[in-house]
Amino acid sequence: MPERSRTAVAFSLLFILLAAAAVLMVSREATAGGRAEGGPVVIRNVRLFDGDRIVQKTNVVFAGGRVTAVGPKAAVPTGAEVIDGTGKTLLPGLIDAHVHIITAEALSQSLVFGVTAVIDMFTSADLMKALKADQAAGRAGGRAFFVSPGILATAPGGHGTQFGIPIPTLRGPADARAFVDDRVADGSDFIKIILDDGSAYSFSRPTLDMATVSALIAAAHARGKAAVIHAATLQNCRDSLNAGVDGLAHLFFDGGSDPEFGRLAARKKAFVIPTLSVIQGVGDQAMAIAVAKDSHLSPYLKSADIQGLRRSFGFRINPSSYRAAEAAVPLLKKAGVPILAGTDAPNPGTAYGASLHGELSLLVQAGLTPLETLRAATSIPAAKFGLAGRGIIRKGGPADLVLINGDPSLNIDATRDIVAVWKDGVRVNRERYKEEAAADRAGAAPAPSGRSPEYSRSRLVSDFEGQEVSASFGAGWMISTDTMAGGKSKAQMRLAPGGAEGSAQALLVVGETIPGGASLWAGAFFSPGPAPMTPADLSSTKVISFWARGDGQEFTVMIFAQSHGYRPIARPFAPAAEWRKFEFPFSDFGLKGDDIMGIFIGASGKPGPFSLWLDNFRLD
Ligand SMILES: [Zn+2]
């Protein structure tokens with residue numbers, strides 16, 4: 001089974017593939033605008049969250065991109081624009097502590113939602129350099145402030161290598177020093193490390209050993225850089241903390257539970273970015289859909305954002321994983337561990353900017369107070385990542401400000417009801433962005449994500465005649481079973497002699513569906529997109545066909561379309577002992593076909609062992 005297919009299934013930064021192209025777009029400006037940064041602005045009689053606490057009824061003055069006065073007696077400079085803050089709250093610009101920035105536009109979009117700084121957790125070194133050069137030269141007006149590790153540290157074939165970004169991988173501790181030196185030369189703000197063997201999502205892939213992780217942390221510290229780790233399981237997180245990592249980029253995904261976890265993180269003086277949004281997003285879309293439908297956020301979402309929020313990873317992790325991560329939050333809080341709000345946008349189930357508001361809601365649901373949650377999205381990430389005075393509102397600091405209706409210390413959802421956003425004292429033109437978003441949704445030539453000329457031709461996808469299981473396009477064939485949903489079914493596939501229509505070989509899928517999870521399936525899965533569960537445009541397909549023979553039982557074809565989320569559309573078929581051709585008109589599935597994430601063929605529904613031979617799979 002191709003390792004490449006499986007590694008990309010979970011935690012795919014699916015759009016990172018676009019990063020190289022995105023570099024070319026860096027100079028394009030988006031939604032800057034509004035007043036010049038010179039003119040003084042006064043916000044009067046406003047409730048202030050200064051990054052730490054709430055002050056009722058005060059004034060904030062800013063000019064020249066800086067806050068010039070804070071306090072009930074702050075004088076109103078002549079000629080200042082005066083904004084009545086009655087009933088409103090002024091916050092420091094929000095900070096999303098876990099994103100992947102793949103275009104400059106992502107930074108502009110973040111601003112519209114009040115996110116004035118982001119902590120990127122992996123992008124191409126070229127894009128990082130371009131964005132940071134713009135920022136340093138004052139050419140990044142209209143964009144959120146940006147820090148980044150550039151590329152990440154991973155094993156050969158490990159997580160992070162599947163996105164098409166060139167990454168020099170590490171073979172052992174001896175490679176750590178040079179890797180860190182190269183990142184420092186790139187201008188990376190910190191070092192990002194991957195410790196993830198895939199087991200949290202029921203597959204396997206190479207990962208770094210702890211000796212290499214420790215060497216990376218030591219090398220980062222020797223160069224004055226923080227080391228932040230993506231550690232997938234509870235044990236990976238514990239090992240990383242014990243190795244001296246500065247922060248966890250996620251909580252664990254494997255449903256682990258340890259009452260001592262908070263105390264361990266506290267003892268090691270580490271911070272944690274729970275990324276509840278993306279952990280929940282692997283299991284269900286609850287908060288993502290709430291964000292997509294939110295009356296304050298939705299007018300600013302473009303069609304690609306709505307698709308992103310509805311997109312799923314396609315395979316679930318153990319259903320208890322989200323509850324376990326959520327349960328770890330109060331342990332961290334109790335132990336005094338700094339908690340940072342981060343979304344992991346643009347992974348499936350997230351959108352830049354908008355999803356941070358969903359993350360804040362999830363952190364409150366997990367047990368933080370609204371005030372603690374506001375700190376998690378302002379002063380705490382600013383302190384941990386050295387964001388140059390951002391994340392707090394005080395005299396002399398950057399005028400990165402968000403004015404909202406209501407009191408977020410009483411109801412965290414108030415952060416969604418944005419009145420105005422300023423970045424370095426420049427008001428973000430949210431009205432213009434709203435018009436662009438409305439036009440985008442109205443004009444929506446949908447789903448450019450999977451559109452590619454190669455999908456528009458009729459073709460034989462797989463005849464299974466080669467040395468290995470392959471397909472003429474897409475990410476190819478893999479095994480899919482209900483272990484992704486906590487089940488116990490198993491299957492394997494291999495090329496077997498004796499194909500259909502007199503050919504030499506066929507694909508043999510053998511397995512057993514075993515009750516244990518919420519649902520029951522095991523079989524072969526074809527991904528037509530460039531990565532598993534990346535939608536592909538198959539709208540020119542009229543018929544799916546293949547030859548099959550079986551063991552007398554009924555099997556199922558299931559199509560996963562992005563517009564249908566996790567709910568596949570299934571059709572049964574019953575192959576006999578002899579080869580027979582099966583044809584499924586695409587129209588039978590009731591799909592437009594422009595957002596197909598995968599086609600499953602195998603056993604489902606009832607338990608027992610099975611054998612299924614497949615051949616000459618076509619999309620015509
Ligand atoms: Zn990430």
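Contact here means heavy atoms within 4.5 Å. Keep that cut-off in mind for the packing stops below. The model is predicted.

**Stop 1: helix α10**

Select residues 286-293, helix α10. Show the side chains of Met-287, Ala-288, Val-291 and Ala-292; these are buried. Now look down the axis of α10. The buried residues fall within an arc of 140 degrees, so they line one face of the helix.

What covers them? Add α9 (276-283), α11 (303-310) and α13 (354-366), which are among the elements over the buried residues of α10.

**Stop 2: the sheet**

Next, select β6 (94-99) and β8 (145-147), the edge strands, each of which pairs on one side only. Strand β7 covers residues 115-120. The sheet is open, its three strands run in the order β6-β7-β8, and the pairing is parallel. From one strand to the next, the twist averages 15 degrees.

Zoom in on β6 and β7. Four bridges join these parallel strands. To find one bridge pair, pick Ile-95 and its partner in β7, Ala-117.

Then add helix α3, residues 104-112. Helix α3 packs on the sheet and touches β7 and β8. Its direction makes about 135 degrees with that of β7.

**Stop 3: the zinc ion**

Centre on the zinc ion. Which protein atoms are its donors? Select His-98 (NE2), His-100 (NE2) and Asp-344 (OD); these lie 2.0 to 2.1 Å from the zinc ion. Along the sequence, the donor residues follow the spacing H-x1-H-x243-D.

Are His-98 and His-100 buried or exposed? Both histidines are buried.

Methods
Residues numbered from 1 in each chain as written. Predicted model: local features only at pLDDT ≥ 70, side-chain atom pairs only at ≥ 80, totals over all residues. Heavy atoms only, no water. Buried < 20%, exposed > 50% of the residue type's maximum accessible area, 1.4 Å probe, protein only. Helix = DSSP H or I, 4+ residues; strand = E, 2+ residues; numbered from the N terminus. Arc of directions from axis to C-beta. Donors = N, O, S within 2.8 Å, 3.2 Å for Na, K, Ca; no water. Pairing = 2+ DSSP bridges. Axes fitted to C-alpha atoms, helices over the stretch in contact; angles between N-to-C directions.
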